[in-house]
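User: I would like a close look at a single part of this model, set in the context of the elements around it. Please take your time over the answer and keep it connected.

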Amino acid sequence: MEKEEKEERDNEELSLRRVGKFPKLGLIKKVFAWENDIRAAIYAARNDRPRREKLPGGGKYGGSPTENQAIANITPLKSVTLPNGFILRQPEKWINVIESTYDYFSDKLMRDAFHRGSHGQRYWHICEELHISKSSFYNIMVRGEDFAVAAACELGLISIIKPGREKNDG
């Protein structure tokens, strides 16, 4: 038992060192852990709009119910508040990042390992249930996290270059 606890501490330290080098990776990991809360918040925001609320284009609800629902569904949400109080901007883009990352893994086993690992299940349970090695599990996690960072950058959710570094020296 002590050996497992020591391995877990060592792995957490490795993970924290990696997050320390890439601060945005911490946000990515949290977004994956909060996936269900984000989906629930989006659903609530989409379905709990009061009547006569102003539309983003300046109009008001009041036309036909079908028209109002169509406009509400195509208008991107600016932010949602999660149950833990965190305000997540552009939540639908974050869901796109999550789904794209799962789709990145063509193998069901790898997708399942990444899904379980990103939702906080302990690595030794995942390795035992899926019959994979510890190093394979961590390679899957790193590949998935790297893809998620790239996807979030592509969608404009995060920036990994500090402002002022884009100067052209040549």
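In which loop is His-131 found?

Analyst: His-131 is found in the loop between H7 and H8. The model is a predicted one, and what follows should be read with that in mind. His-131 has a positive phi of about 60° although it is not a glycine. Most residues other than glycine have a negative phi. With a relative accessible area of 71%, His-131 is exposed, the cut-off for that class being over 50%.

The two helices that this loop joins also pack on each other. H7 and helix H8, which covers residues 134–154, have axes 9 Å apart and pack at an angle of about 110°. H7 and H8 are therefore roughly perpendicular to each other, since angles of 65 to 115 degrees are placed in that class. On the H7 side the contact is made by Tyr-123, Ile-126 and Cys-127, and on the H8 side by Lys-134, Phe-137 and Tyr-138. By class, the residues of this contact are five nonpolar, no polar and one charged.

On its other side in the sequence, H7 has a partner in H6. The axes of helix H6 (residues 108–118) and helix H7 (residues 123–130) come within 10 Å and cross at roughly 160°. That angle makes H6 roughly antiparallel to H7, because the class takes in angles over 145 degrees. The crossing of H6 and H7 is right-handed. From H6, the residues Leu-109, Asp-112, Ala-113, Arg-116 and Gly-117 meet Ile-126, Glu-129 and Leu-130 of H7. The residues of the contact of H6 with H7 divide into four nonpolar, one polar and three charged. Ile-126 is listed in the contact of H7 with H6 and also in that of H7 with H8.

H6 itself can be described by which of its residues are buried: these are Met-110, Ala-113, Phe-114, Gly-117 and Ser-118. Seen down the axis of H6, these buried residues fall within an arc of 120°, so they line one face of the helix. As general background, an α-helix has 3.6 residues a turn, so residues three or four places apart point the same way. Ala-113 and Gly-117 are buried and also belong to the contact of H6 with H7. After H6 comes Gly-120, whose phi is positive, near 95°.

Phe-114, one of the buried residues of H6, leads on to helix H5, because it is among the residues touched by Thr-101, and Thr-101 lies in H5. Thr-101 is buried, with a relative accessible area of 0%. Leaving aside residues up to four places away in sequence, Thr-101 touches Phe-32, Phe-114, Gly-144, Phe-147 and Ala-148. Although Thr-101 and Phe-147 are 46 residues apart along the chain, their C-alpha atoms are separated by 6.4 Å.

H5 has a helix partner as well. Helix H3 (residues 35–47) and helix H5 (residues 91–104) pack at an angle of about 140°, with their axes 10 Å apart. That makes H3 oblique to H5, and the crossing of H3 and H5 is left-handed. H3 contributes Glu-35, Ile-38, Arg-39, Ile-42 and Arg-46 to the contact, while H5 contributes Pro-91, Glu-92, Ile-95, Ile-98, Glu-99 and Tyr-102. By class, this contact has six nonpolar, no polar and five charged residues.

Ile-42 of H3 also leads to a loop residue, Leu-77, as the C-alpha atoms of the pair are separated by 7.9 Å while the two residues are 35 residues apart along the chain. Leu-77 has its place in the loop between helix H4 (65–74) and strand E1 (79–81), and Leu-77 is buried, with a relative accessible area of 10%.

A second loop residue can be set beside His-131. Gln-90, found in the loop between strand E2 (87–89) and H5, has a positive phi of about 50° although it is not a glycine. Gln-90 counts as partly exposed at 32% relative accessibility, whereas His-131 is exposed.

For the wider setting, the secondary structure of the protein chain comes to eight helices and two strands, in the sequence pattern α-α-α-α-β-β-α-α-α-α. Of the 170 residues of the protein chain, 31% count as buried.

Terms used. Residues numbered from 1 in each chain as written. Predicted model: local features only at pLDDT ≥ 70, side-chain atom pairs only at ≥ 80, totals over all residues. Heavy atoms only, no water. Axes fitted to C-alpha atoms, helices over the stretch in contact; angles between N-to-C directions. Helix = DSSP H or I, 4+ residues; strand = E, 2+ residues; numbered from the N terminus. Parallel < 35°, antiparallel > 145°, perpendicular 65-115°, else oblique. Left-handed = near helix turned anticlockwise from the far one by under 90°. Contact = heavy atoms within 4.5 Å. Nonpolar A, V, L, I, M, F, W, Y, C, P; charged D, E, K, R; others polar. Buried < 20%, exposed > 50% of the residue type's maximum accessible area, 1.4 Å probe, protein only. Arc of directions from axis to C-beta.
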